[in-house]
Amino acid sequence: MGSATTICSDKTGTLTLNQMTVVEAYVGRKKITSPEDNSQFSVVVSSLLHEGIAQNTSGSVFPSKGGGDIEVSGSPTEKAILHWGIKLGMNFDVIRSESTVLKVSPFNSEKKRGGLALKRPNSEVLVHWKGAAELVLASCAGYLDSNGSRQSIENDKMFFKEAIDDMAARSLRCVAIAYRSHEMDKVPTDEEQLSQWNVPDDDLVLLAIVGIKDPCRPGVKDAVRVCTNAGVKVRMVTGDNIQTAKAIAMECGILASDADVGEHHVIEGKTFRELSEKERELVAPKISVMGRSSPNDKLLLVQALRKGGEVVAVTGDGTNDAPALHEADIGLSMGISGTEVAKESSDIIILDDNFASVVKVVRWGRSVYANIQKFIQFQLTVNVAALVINVVAAISAGDVPLNAVQLLWVNLIMDTLGALALATEPPTDHLMKRSPVGRRLEFVGLLFMQSDTKPDTGRLPGLVRSVGDFWLLIFSLPFFSGTPLFDDLRTRNISETLLVLTVLELLQALYQVTVLLVLNFFGKGILNLDHDSQEHANKLKNTLVFNAFVFCQIFNEFNARKPDQMNVFSGITKNRLFVGIVGATFVLQILIIEFLGHFFSTVRLNWSLWLISLVIGIIGWPLAMVGKLIPVPKTPFAKIFIKPYQRCIAARSA
């Protein structure tokens, strides 16, 4: 999640509160701003609305156990419309008992509407439909005015379209309710034929268009802004009207203003679906809002973004979202409203269904990645310094200043304690000011991937066809798996050695090697030990080298925790484990030198030698600050080698 470059988010329940209420309605050409006031339309319209709302629903109305207000179940949209019907005087149970349902056409995310056919006591058959306002309106041939008279819709269709657009522009979800009569003799009587019968959805009569408000979650706009500043693009994918989706996107900060909405920034799912595969790959990165989308459109968007090199996170809650959740690099399902299928198809479950929690996941993902970087860079300094000191001393003098037991202690500092100290750094706001790691491949990716495909790591061994390829792979490992593990800020343009050292670590290693080798070769003279016995002088000198080396690592841990900031002590009190480990290492080092000399082949040091060790370690802090002042080049050093290797591979393939 720390590498995510884009988040494809649902609207309802994630960006919004999922607390829907009917706030506006049109009955005929009459706008009703107080939707619960049924005195503004006739009894005929009211009766048909009651029947359409009560029968054509997957929700239910029942008395509360406590004897208080009635309770409503169903999806948020169903609950909002049922609450509206109750306010209009609808008696749910009575209406349900007065007619017989013949056939149900359940709501479908593709056609965006649901309907049913029912038989009244007088053997009259009525068909009720409810769904996306503009789609239901397209199937209407007439409408009932507020007086209950049927009117032709041909001359007024533009009025209703403008009404829908007006409500959608104010971020209202528009739902239309319509009906039609049907001849009884055209309804199949055989059960098998009835199961194959399609509920008629043409020549409808419009009853009402309702506007449902679902307010944005508090804090969503700030969360979207944090993602944008962090280089993570938030895209809203919803089944709502394109105008509603656009209005909500502006409220949430996904779209800044109308002026920022260019071609393909706001698109309908149908338009995106009809594009060719190549066209979808070109259009997908531009999309900020996709309205009237189906689950398959969401899947196509995720596939197109991934092919373009994006690391895609997807939020979803429904069973139909499962393919997109599975296809995405990171699937995030909703813990409250999410179905079991969605949760099983996801990688992470957001327990509070809040988009702000998705941002927290990004912060923690980046924190894990950054902590791994810190630890590896700390290891590089220790390894290089210890290796060079012992190798140079062994070759030149035939003796090593750091013996096996001392190196075991150094390894304990470097591996176990260092990992605990640096890997437990909590996430900070500074992490959300960096660009995402992403999936950009450099160097080794050019060798092991075909054009327009992602690298298949399972095929790497078969593609390493020579010793040269093997060493090229070793040299390039830090550049594999996305952007280099050592990004531009850390590489400081140096990547020529077997292990790519940053300038900061290189400066630290050079400083430690230089100072400790000087102490190793000239320590006796510097410390005025010429009059001591040979054995004691060597032990004292080696003890000082060992002690100074450990102190260098202790102080370099502070540099490693903030490799891109001058103030390495920022927020240090928030990580008590780090402070505890550094303090424990310091105390243990004192105990080793003063009381465990027999096991570590050391001798006790006087206060002046302890002070020298301390000063040698502290100098690493200003040295790190100097390294951070070196400007970072815009073009990473590794990219210089891309073209030669491309030509090399092309020539060998030919």
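The structure holds zero disulfides, a disulfide being a pair of cysteine sulfur atoms within 2.5 Å. The sulfur of Cys216 has its closest cysteine sulfur in Cys252, at 3.3 Å, which is too far for a bond. Cys216 is buried at 18% relative accessibility, where buried means under 20% relative accessible area with a 1.4 Å probe, protein chains only. Cys227 is also buried, at 0%.

This is a predicted model, in which local features need pLDDT of at least 70, side-chain atom pairs count only at pLDDT 80 or more, and totals for chains, interfaces and linings use all residues. Residues are numbered from 1 along each chain as its sequence is written, and side-chain values use heavy atoms, without hydrogens and water.

On confidence: pLDDT, the predictor's confidence in each residue from 0 to 100, averages 84, and 85% of the residues score at least 70. Over residues 441-501 pLDDT stays under 50.

I turn to the interior. The largest nonpolar core, meaning buried Ala, Val, Leu, Ile, Met, Phe, Trp, Tyr and Cys residues joined through side-chain atoms within 4.5 Å, has 48 residues. Trp409, Leu516 and Phe546 are among those with the most contacts inside this core. Its largest share, 14 residues, comes from helix H21, helices being DSSP runs of H or I, at least four residues, numbered from the N terminus.

Which residues does Val550 contact, leaving aside its neighbours within four places in sequence? They are Trp409, Val410, Ile413 and Gln589, contact meaning heavy atoms within 4.5 Å. A second, separate core of 34 residues includes Ile7 and Met236.

Technical notes. Buried < 20%, exposed > 50% of the residue type's maximum accessible area, 1.4 Å probe, protein only. Helix = DSSP H or I, 4+ residues; strand = E, 2+ residues; numbered from the N terminus.
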